[in-house]
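Trainee: Could we go through this one together before I set anything up?
Mentor: Gladly; put it on the screen and ask as we go.

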Amino acid sequence: MNQDALTLAAIRDELAELLVGGRVQRVVRPSELGVGLEIYAGVRHQLLLSAEVDGGIALSDDRLRRGVDERAPLHLLLTKYVLGARLTAVLQPPLERVLRFCFAGAQGGVDLVCEVMGRLSNLILVDASGTILECARRVPARINRYRTVLPRRPYVPPPAQ
């Protein structure tokens, strides 16, 4: 999927209309760097989020299946914080390839930040204070000095285009 900022704006509008207020009923891991959420908002919707190079954000007609057997830390934390939570908002910074899914649940509020940037794509779970809980791809300082993406570090958005 090739998704630029304008395409993501259209996707954000569609997802906000269909999913906001819905409850997360399932969390699956269809691929190494992917996450699938089943959200019930009157109708079951299958939301696929992928940090793969050719990945992105999409709604699926088919029920998402587990593709990777071993559990990743991101998947475990999504199950803890997002399963049973309500989607409260889908946000996008102006003209950026980033969508932020805001959830409110029993464990408190968390955001799932989806950065759709080709080989730099990532899925980042952030708590209410802006601290990274976990991510699909860890980016230490030796790889990127401007912006580290590691658990227990503050979330810094990618540089503006």
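**Notes from the chat**

Mentor: Let me begin with Glu134, which has a relative accessible area of 5% and is therefore buried, the cut-off being under 20%. Please keep in mind throughout that this is a predicted model.

Trainee: Where does Glu134 lie?
Mentor: Glu134 belongs to strand S9, which covers residues 132-135.

Trainee: And what does the side chain of Glu134 make a polar contact with?
Mentor: The partner is the side chain of Arg138, and the polar contact between the two is 2.8 Å.

Trainee: Which residues is Glu134 in contact with, leaving aside its neighbours within four places in sequence?
Mentor: On that basis the contacts of Glu134 are Pro73, Leu74, Leu77, Leu123, Ile124, Leu125 and Pro151. Of the residues just named, Leu74 is one of the buried residues of helix H2 (residues 73-81), together with His75, Leu78 and Tyr81. Seen down the axis of H2, these buried residues line one face of the helix, because they fall within an arc of 140°.

Trainee: What covers the buried residues of H2?
Mentor: The cover includes strand S1 (23-28), S2, S7, strand S8 (122-127) and S9.

Trainee: Okay, other helix. How many residues does H1 have, and how far does it reach?
Mentor: Helix H1, residues 5-19, has 15 residues and reaches 20 Å from its first C-alpha to its last, which is close to the 21 Å expected at 1.5 Å a residue. Its buried residues are Ala5, Leu8, Ile11, Leu15 and Leu19. These line one face of the helix, since they fall within an arc of 110° when seen down the axis of H1.

Trainee: Why would residues with that sort of spacing point the same way?
Mentor: An α-helix has 3.6 residues a turn, so residues three or four places apart point the same way.

Trainee: Which exposed residues are on the face of H1 turned away from its buried side?
Mentor: That face carries Leu6 and Glu17, both of them exposed. The buried residues of H1, for their part, pack against strand S2 (34-40), strand S3 (44-50), strand S4 (57-60), strand S5 (86-91) and strand S6 (98-105). Just after H1, Gly21 takes a positive phi of about 95°.

Trainee: Switching to the core: how many residues are in the largest nonpolar one?
Mentor: The largest nonpolar core has 30 residues, and those with the most contacts inside it are Leu37, Leu47, Leu49, Ile57, Phe101 and Phe103. H1 gives the most to this core, with 4 residues. Apart from it lies another core, of 10 residues, among them Met117, Cys135, Val149 and Tyr155.

Trainee: What about the strands, how do S5 and S6 run?
Mentor: S5 and S6 run antiparallel and are joined by 5 bridges. Within that pairing, Leu87 has Phe103 in S6 as its bridge partner, while Arg86 stands opposite Ala104 in S6. The two strands form a hairpin with 6 residues between them, and in the turn Leu95 has a positive phi of about 55°.

Trainee: And S6 with S7?
Mentor: S6 pairs with strand S7 (residues 108-115) over 8 bridges, again in the antiparallel sense, and the hairpin that joins them does so through 2 residues. The bridge partner of Arg100 in S7 is Val113.

Trainee: Is Leu112 buried or exposed?
Mentor: Leu112, which lies in strand S7, is buried, with a relative accessible area of 0%. Leaving aside its neighbours within four places in sequence, Leu112 is in contact with Leu49, Leu78, Leu99, Arg100, Phe101, Phe103, Ile124 and Leu125.

Trainee: How far apart are Leu112 and Ile124?
Mentor: They are 12 residues apart in sequence, and their C-alpha atoms are 5.7 Å apart in space.

Trainee: Last one: where is the place of Gln46, and what does its side chain join?
Mentor: Gln46 has its place in strand S3, and it counts as buried at 7% relative accessibility. A polar contact of 3.0 Å joins its side chain to that of Glu38. Glu38 also appears among the residues in contact with Gln46 once neighbours within four places in sequence are left aside, a list including Arg26, Leu37, Ala58 and Asp62.

How values were computed. Residues are numbered from 1 along each chain as its sequence is written. This is a predicted model: local features need pLDDT of at least 70, side-chain atom pairs count only at pLDDT 80 or more; totals for chains, interfaces and linings use all residues. Side-chain values use heavy atoms; hydrogens and water are left out. The expected span of a helix is 1.5 Å times one less than its number of residues. Buried means under 20% relative accessible area, exposed over 50%, partly exposed in between (1.4 Å probe, protein chains only). The arc is that of the directions from the helix axis to the C-beta atoms. Contact means heavy atoms within 4.5 Å. A polar contact is a pair of N or O atoms within 3.5 Å; within protein, one must be able to donate a hydrogen and the other to accept it, and residues adjacent in sequence count only if both atoms are side-chain atoms. Two strands pair if DSSP finds at least two bridges between them. A nonpolar core is a set of buried Ala, Val, Leu, Ile, Met, Phe, Trp, Tyr and Cys residues joined through side-chain atoms within 4.5 Å.
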